[in-house]
Amino acid sequence: MVKTIEFVDGKVRMLDQTRLPLEVVYVDCTDYHMVAEGIKKLRIRGAPAIGIAAAMGIALGARDVRAADFDEFMNGLEPVFQTLLATRPTAVNIQWAVERAKKLLSEKRHEPVDRLKELLVEDAKKVLEEDIQINRAIGRWGAQFIRDGDTVITHCNAGSLATGGYGTATGPIRVAVEQGKKIQVYADETRPVLQGCRLTAWELMQDNIPVTLITDNTAGALLRKGEINLAIVGTDRTVANGDVANKIGTYSLAVLCKENGVPFYVAAPLSSIDFSIPSGDLIPIEERGPEEVTHVFGCRIAPEGVRVRNIAFDVTPARYVTGIITEKGVFRPGDLHLLNEKDADLEAVMLKPGE
Ligand code: MRU
């Protein structure tokens with residue numbers, strides 16, 4: 001499985017996903033500005049992966065802060081936090097990484113500043129390792145819902161490339177394959193940035209998982225013909241009521257699934273769940289520049305001067321979501337809030353196959 005990001009020799013090495021699948025090129029980021037630029041330009045993308053990149057960017061930024069004590073150190077880190085937070089607004093994982101770093105530092109506030117800097121590097125590496133384990137757990141829970149012979153549709157890329165490895169939406173697919181189930185995957189190409197075409201199709205082919213690429217417009221026809229058994233997608237931010245923000249086009253796919261009686265699952269690590277927001281209407285949605293729509297790989301495909309709207313994410317209301325696959329189990333969207341309650345009996349409300 002290809003490595004998306006790692007912290008090596010005091011640098012953050014990221015696979016430049018804008019060049020895939022034509023070239024496999026890594027970029028070494030030597031400071032946090034380079035990490036922030038990598039996130040903005042989609043060299044690294046996918047909610048968990050940008051959370052990991054943010055944790056590593058914080059560790060790089062901290063290295064260059066000159067401070068005599070804890071308070072000075074925290075003040076010096078503020079521009080690092082703000083720069084990373086300003087890169088992409090929809091995925092909650094950057095905020096999650098910033099909060100995790102702040103919590104760690106405040107717990108260790110009595111350590112010398114140099115030790116705090118080391119701790120941030122150690123923790124950033126841990127975030128990466130933990131993410132892979134979380135995806136494997138998501139995979140185990142989710143694979144229960146995939147039967148031998150099923151065809152799964154996915155949208156965008158919520159695979160190894162979008163995470164520390166293994167993937168969230170691809171987790172259940174990978175586990176099902178490891179369990180010997182014969183399954184097929186349809187990958188929506190995912191206009192405009194083509195993450196499904198360039199990334200999902202590529203990474204599944206690398207691992208010999210049967211994948212068929214379709215245009216986004218084809219999903220409805222295949223669902224109507226009964227050729228798809230279930231959908232599994234990722235999320236950038238799922239909120240307390242179970243509404244799900246994910247790559248633009250997810251909502252259309254979810255509505256089509258409901259119309260055709262096909263279960264629609266969302267793979268969501270806890271790092272992508274924002275319990276502080278009650279409804280999807282309050283999720284900040286990123287709009288990106290027009291060139292992603294007017295050009296493909298630098299080649300213009302639209303008339304010069306045309307007006308463009310490039311909304312990067314949409315919100316799928318909870319009523320279209322069959323289950324949310326987390327590392328703690330699979331839950332109906334309406335029960336998601338229980339994950340944030342201390343003594344909730346999660347076992348009792350977990351969604352089981354066939355329900
Ligand atoms: O714009 P992107 O490529 O960062 O969008 C990515 C997605 O929408 C993914 O589905 C989501 O981040 C989940 S990744 C496990």
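Reader: What makes the pairing of a polar side-chain atom of Gln 195 with an oxygen atom of the ligand a polar contact?

Author: Happy to walk you through it, with the reminder that this is a predicted model. The two atoms lie 2.8 Å apart. A polar contact is a pair of N or O atoms within 3.5 Å, and the Gln 195 pair meets that, so the name applies.

Reader: Which polar backbone atoms have an oxygen atom of the ligand at a polar-contact distance?

Author: One belongs to Gly 46, at 3.0 Å from a ligand oxygen. Another belongs to Ala 47, where the distance is 2.8 Å. Both values fall within 3.5 Å, so these pairs count as well. As for cover, the ligand taken alone exposes 410 Å², and the protein buries 99% of that.

Reader: What kind of space does the ligand take?

Author: The ligand takes the space of the largest cavity. A cavity is a set of points where a 1.4 Å probe fits but cannot get out, which means that the word describes an enclosed set rather than an open one.

Reader: How many residues surround the ligand, and which are the closest?

Author: There are 18, and Arg 45, Ala 47, Arg 88, Asn 246 and Lys 247 are the closest. Sorted by class, the shell holds six nonpolar, eight polar and four charged residues. Helix 2 (47-63) and strand 9 (244-247) are the elements that give two or more residues to this shell.

Reader: Why is the ligand said to lie between domain 1 (5-134) and domain 2 (145-349)?

Author: Because both domains give residues to the shell around the ligand.

Reader: Where are the cis peptide bonds that precede Pro 21 and Pro 192?

Author: One joins Leu 20 and Pro 21, with omega about 0°. Pro 21 sits in the loop between strand 2 (11-15) and strand 3 (26-29). Another joins Arg 191 and Pro 192, with omega about 5°, and Pro 192 is in the loop between strand 5 (184-188) and helix 7 (195-206).

Reader: What makes Leu 42 worth a look?

Author: Its phi is near 70°, a positive value in a residue other than glycine. Leu 42 is in the loop between helix 1 (32-40) and helix 2.

Terms used
Residues numbered from 1 in each chain as written. Predicted model: local features only at pLDDT ≥ 70, side-chain atom pairs only at ≥ 80, totals over all residues. Heavy atoms only, no water. Near = heavy atom within 4 Å. Polar contact = N/O pair within 3.5 Å; in protein donor to acceptor, adjacent residues only side chain to side chain. Areas by Shrake-Rupley, 256 points an atom, 1.4 Å probe, with all protein chains shown as cover. 1 Å grid on protein atoms, 1.4 Å probe; cavity = no way out; pocket = protein on both sides within 12 Å on 5 of 7 lines; lining within 4 Å. Sits in = over half its atoms within 2 Å of the grid points. Helix = DSSP H or I, 4+ residues; strand = E, 2+ residues; numbered from the N terminus. Nonpolar A, V, L, I, M, F, W, Y, C, P; charged D, E, K, R; others polar. Domains from an automatic or database assignment.
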